[in-house]
Amino acid sequence: MRTILDWLEDRTGAPSAIQHFLDEEIPASAGWHQVFGSVAMFLFITQAFTGIMLALNYAPTPGEAYNSLRYIMTELTGGALIRGLHHWGASMMVIIVVLHMVQVFLWGAYKKPREATWMMGVILLLVTLAFALTGYLLPWDNRAYWGTVVTTQISASAPGAGPYVLRLMGAENGVGVVTFARFYAVHVLVLPPLTMLLILLHVYLVRRHGVAPAPGDELKPKQKFYPRQVFKDTAAISLAFIVLFSLAVIAKAPLGRLADPTDTTFIPRPEWYFLFLFQLLKYCEGPLEILASVVLPTLGVGLLFLVPFLDRAPVIRVTKRTTAFAIVILAAITWTGLTTAAVRSTPPEAFAADREGPMEWRDLTPEELAGVAYFKSESCGTCHTLGLRQEDKPGPNLGAGGAARDAAWMIAHFKQPASMVPGSQMPSVSLSDSQLNAMAAFLLKLTPQNAMKMQDIPQYVLEGAALYQKNRCNMCHQVNGVGMKSGPPLNGLAHRRDATWVKGHFLDPQKFTKDSMMPAYPFTAQQNETITKYLLSLP
């Protein structure tokens, strides 16, 4: 080990640089109140790592973004956890950066000679909010789309600069492909390197001027950064990660319906930390709107920058900074009051999109759902259990995980069980090849986590999906990103058509759409009711 360290020291100088970093002297008064900076840096690293993991499977186009994100959350191993860490990590980063700034403000650590350090922190706060703003659109669900529409409309109201800001956002003709591309480029190409540069400058300034001591501590013996402060920072980071990990596991990151620009009934809302501004806009209608959208936010950011120059009084102990405490409490009451008013005035259905998330059966393709219907019609459940609870049945539990089989093996097994599993007592399955394919597709989808829920799929969904497959609707339409594109995608159909229109369209397409190439489907009344109900339930 000594030889390796000597080699690294000789070639890179890294060991001595790290030792110098750990041996830095900090005031005797340094302690738990100064852990927020390290936690914020840890969260940024977490965001960068999870962002890279998401980018490996994310398709950055409006046409594919939603489906790729749903694929990540429902099919990719660990995908839901990674997305949860990234989603909740963004909120935690806003909280920690704000707490860091509040701590510095209360302790008066922005005073001479640390003015530039404070101003760099304000810029980092704005960059953190820019991360949140640009990342909000990327899931491309209704919530993201309409929330960004509101953001661009607010930006357009800036006197003089509005049209230029709108052009910069690529939203002159509404939120679309150009807006998405620019938000994505800023989110992954501009902001990460800018943040790293700002963090380096911020840390450099902290090291240059040192950690701000409490008044009266200047003459006391200093302590080294290691081990006491390192222990406190590590403990705080560990606690932050436990909270973040728990949120990612317990609270599923939201993913609502696919973005639908024609869905004018959707109630847009910004992310929780912008709700206070959203509510303020409601109070300032008409000519006063500019006050809430531009004047007050600009004034607030300007005052934050000027804090070190507005407060030039000598440093005093934190317990005596009553004015600073009063300002923080007043700001907290204002933010809480406006945010609470925004939450209370939002109809319950607006929150449904947040809670919805990708539901298990709605994530299945029509073929996979039809496979469930065939599984039931063939009474496979008589011999096989689906789920973690083992029942006394002769066949293996298909939902408990175990030996992986591919579709070809399954289909051969359905046709001639004994040829694939010698001694098997299972009878041959009398279904067509396409139906066997569907059943294999369903079984391949089973995991120990979703197996039990698959048994609760409504019957109309199974029958409707089987009709959809039987009539080969996928040759013209897409559901959940699967199928051809010569006809319109059927996700979100309920927001474009009602049941009467859909039923009539099946029976006589040209009556409802003059140039339609779709043939008539002479469904019975019951079949028409079933497939229409299924299609209208699609997310």
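Among contacts in the protein chain between residues at least 6 apart in sequence, 72% join residues at least 24 apart. The structure is a predicted model, and the protein chain contains 23 helices and four strands. Along the principal axes, the C-alpha atoms occupy a box of roughly 90 × 70 × 40 Å. Of the 539 residues in the protein chain, 41% are buried.

Domain annotation was taken from the unreviewed UniProt entry. That record assigns residues 4-215 to "Cytochrome b/b6 N-terminal region profile". Over this range the chain is 72% helix and 1% strand, and the C-alpha atoms at the two ends lie 44 Å apart. The UniProt entry also lists "Cytochrome c" as a domain, at residues 366-447 and 459-539. For residues 459-539, helix accounts for 46% of the chain and strand for 5%, with a separation of 17 Å between the end C-alpha atoms.

Within the range 4-215 listed by UniProt, Ser91 was examined individually. Ser91 belongs to helix α5, which spans residues 79-107. The relative accessible area of Ser91 is 9%, and the residue is therefore classed as buried, the limit being under 20%. The side chain of Ser91 forms a polar contact of 3.0 Å with the side chain of Trp272. When neighbours within four places in sequence are left aside, Ser91 is in contact with Trp272 and Tyr273.

Two cis peptide bonds are described here. As a general background, most peptide bonds are trans. The bond joining Lys112 and Pro113 is cis, with omega at about 10°. Pro113 is situated in the loop between α5 and α6, the latter comprising residues 115-136. The peptide bond from Tyr226 to Pro227 is likewise cis, and its omega is near 15°. Pro227, in contrast to a loop position, is found in helix α10, residues 225-250.

The packing of helices α15 and α20 was then considered. Helix α15 covers residues 366-377 and helix α20 covers residues 459-470. Their axes are 8 Å apart and meet at an angle of about 115°, and α15 passes α20 in a left-handed crossing. On the α15 side, the contact involves Pro366, Glu367, Leu369, Ala370, Val372, Ala373, Tyr374 and Lys376. On the α20 side, the residues met are Val461, Leu462, Ala465, Ala466, Tyr468 and Gln469. The residues of this contact between α15 and α20 divide into 11 nonpolar, one polar and two charged.

The loops that follow these two helices each contain a residue with positive phi. In general, most residues other than glycine have a negative phi. Ser379, which is not a glycine, has a positive phi of about 55°. Ser379 is located in the loop between α15 and α16, where α16 comprises residues 407-415. With a relative accessibility of 42%, Ser379 counts as partly exposed. Arg472 also has a positive phi of about 55° without being a glycine. This arginine, Arg472, lies in the loop between α20 and β3, the strand at residues 478-479. The relative accessible area of Arg472 is 52%, and because the exposed class begins over 50%, Arg472 is exposed.

Further along the chain, Asp508 occupies the loop between α21, residues 499-507, and α22, residues 509-512. Asp508 counts as partly exposed at 33% relative accessibility. The C-alpha atoms of Asp508 and Pro522 are 8.9 Å apart in space, while the two residues are separated by 14 residues in sequence.

Ser537 lies in the segment after α23, a helix that spans residues 525-536. With a relative accessibility of 12%, Ser537 is under the 20% limit and so counts as buried. The side chain of Ser537 reaches the backbone oxygen of Tyr534 at a distance of 2.6 Å. Residues up to four places away in sequence being excluded, Ser537 touches Trp361, Arg362 and Tyr460. Tyr460 falls within the residue range of helix α20, 459-470, the helix that packs against α15.

Technical notes
Residues numbered from 1 in each chain as written. Predicted model: local features only at pLDDT ≥ 70, side-chain atom pairs only at ≥ 80, totals over all residues. Heavy atoms only, no water. UniProt positions renumbered as here; feature names shortened; annotations may be inferred. Buried < 20%, exposed > 50% of the residue type's maximum accessible area, 1.4 Å probe, protein only. Polar contact = N/O pair within 3.5 Å; in protein donor to acceptor, adjacent residues only side chain to side chain. Contact = heavy atoms within 4.5 Å. Axes fitted to C-alpha atoms, helices over the stretch in contact; angles between N-to-C directions. Left-handed = near helix turned anticlockwise from the far one by under 90°. Nonpolar A, V, L, I, M, F, W, Y, C, P; charged D, E, K, R; others polar.
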